[in-house]
Amino acid sequence: MALIAWCCGGALLAAAVSPWLLSLAHRSDQQPAKTPWYLTRFGCAAMGALLGAVCAGWSLHQPLAAMPGLAIILFAATGASLVDAATFRLPDVLVLRGWAVGAVALTAGAFLDGDPRRLAIALAISAVSWAVFAALAWAYPPGMGYGDVKLAGMLALATGWWGVTIAVAAVIGAFVVGGFIGIALMALRRARGSTPIPFGPALVVAAALVPLALL
């Protein structure tokens, strides 16, 4: 029942915000010529159902009080990554606000569950992740944008909730997933070696799946 509830709730929420996500994509300097399938109402609903399934899996390893904050971060990050996939832009309205609201919700969850130490570790991991990705963006700007830096810090707040091992594995997983995406696009002749590929989706996929695989 919990799985069905999470999937249905995620699908309904994603379908409801799909027009807003599409409007964010159209505000970009690199707005898509036509609506990508994943920004249509049906596509967003399908993504929302998948996110609901992930949250249901996460909830098996978490106290109920932590799940609102974790779900907020995952859904906001995914919405931003869908816009990124279409426009190479991660909207701050989703990343920064999702990061802030998720942090507040996790703080409340940590104190309700009586585990503020876990929150402190997650916040520290989030800050370190932001700093590491900021250094990468500074060292090689063509390979890493500052939107990716902020998204990485946001997602590290969620993966850091489970500790350093999960957070580090999620970062490594993001680069692995990004490599697979690039190979797949080149195999389909939709990209070449010099073609830029948005990194936001890879960050989200790794952050969603690594906890399920390792917990």
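**Exercise 1. Place Phe88 and classify its exposure and its phi.**

Step 1. Take the exposure. Phe88 has a relative accessible area of 37%, so Phe88 counts as partly exposed. The classes are buried under 20% relative accessible area, exposed over 50%, and partly exposed in between (1.4 Å probe, protein chains only).

Step 2. Find the location. Phe88 sits in the loop between α3 and α4 (92–113). Helices are DSSP runs of H or I with at least four residues, strands are E runs of at least two, and both are numbered from the N terminus.

Step 3. Check the backbone. Phe88 is not a glycine, yet its phi is positive, about 60°. Most residues other than glycine have a negative phi.

A word on the source: this is a predicted model, where local features need pLDDT of at least 70, side-chain atom pairs count only at pLDDT 80 or more, and totals for chains, interfaces and linings use all residues. Residues are numbered from 1 along each chain as its sequence is written, and side-chain values use heavy atoms, with hydrogens and water left out.

**Exercise 2. Describe the length and burial of helix α3.**

Step 1. Helix α3 covers residues 67–87, 21 residues in total. From first C-alpha to last, α3 reaches 30 Å, close to the 30 Å expected at 1.5 Å a residue. The expected span is 1.5 Å times one less than the number of residues.

Step 2. Of the 21 residues of α3, 18 are buried, so the helix is largely enclosed by the rest of the structure.

Step 3. Phe88, with its positive phi, comes just after α3.

**Exercise 3. Count the aromatic pairs and classify two of them.**

Step 1. State the rule. Rings of Phe, Tyr and Trp (its six-membered ring) pair if their centres lie within 6.5 Å; planes under 30 degrees apart are stacked, over 60 edge-to-face, and the rest tilted. The count comes to four aromatic pairs.

Step 2. Take Trp37 and Tyr38. Their ring centres are 5.7 Å apart and their planes stand at 80°, so this pair is edge-to-face. Trp37 is exposed at 56% relative accessibility, whereas Tyr38 is buried at 15%.

Step 3. Take Trp58 and Trp162. Here the centres are 5.1 Å apart and the planes at 70°, so this pair is edge-to-face. Trp58 belongs to helix α2 (residues 41–59) and Trp162 to the loop between α6 and α7; the pair links distant parts of the chain, 104 residues apart. Trp58 is buried at 1%, and Trp162 is buried at 13%.

Step 4. Look for a cluster. Phe133, Phe175 and Phe199 form one.

**Exercise 4. Characterise the second largest pocket.**

Step 1. Define it. On a 1 Å grid over the protein atoms alone, a pocket is an open set of points where a 1.4 Å probe fits, with protein on both sides within 12 Å along at least five of seven lines; lining residues have an atom within 4 Å of a point.

Step 2. Its volume is about 500 Å³, the space filled by probe spheres set on the points, which are joined across faces, edges and corners.

Step 3. The lining has 22 residues; Gly143, Met144, Asp148, Ile197 and Phe199 lie nearest the centre. α6 and α7 each supply at least two lining residues.

**Exercise 5. Judge the confidence of the model.**

Step 1. pLDDT is the predictor's confidence in each residue, from 0 to 100. The protein averages 91, and 94% of the residues score at least 70.

Step 2. Among the elements, helix α7 (residues 164–187) has the lowest mean, 90, and helix α6 (residues 146–159) the highest, 96.
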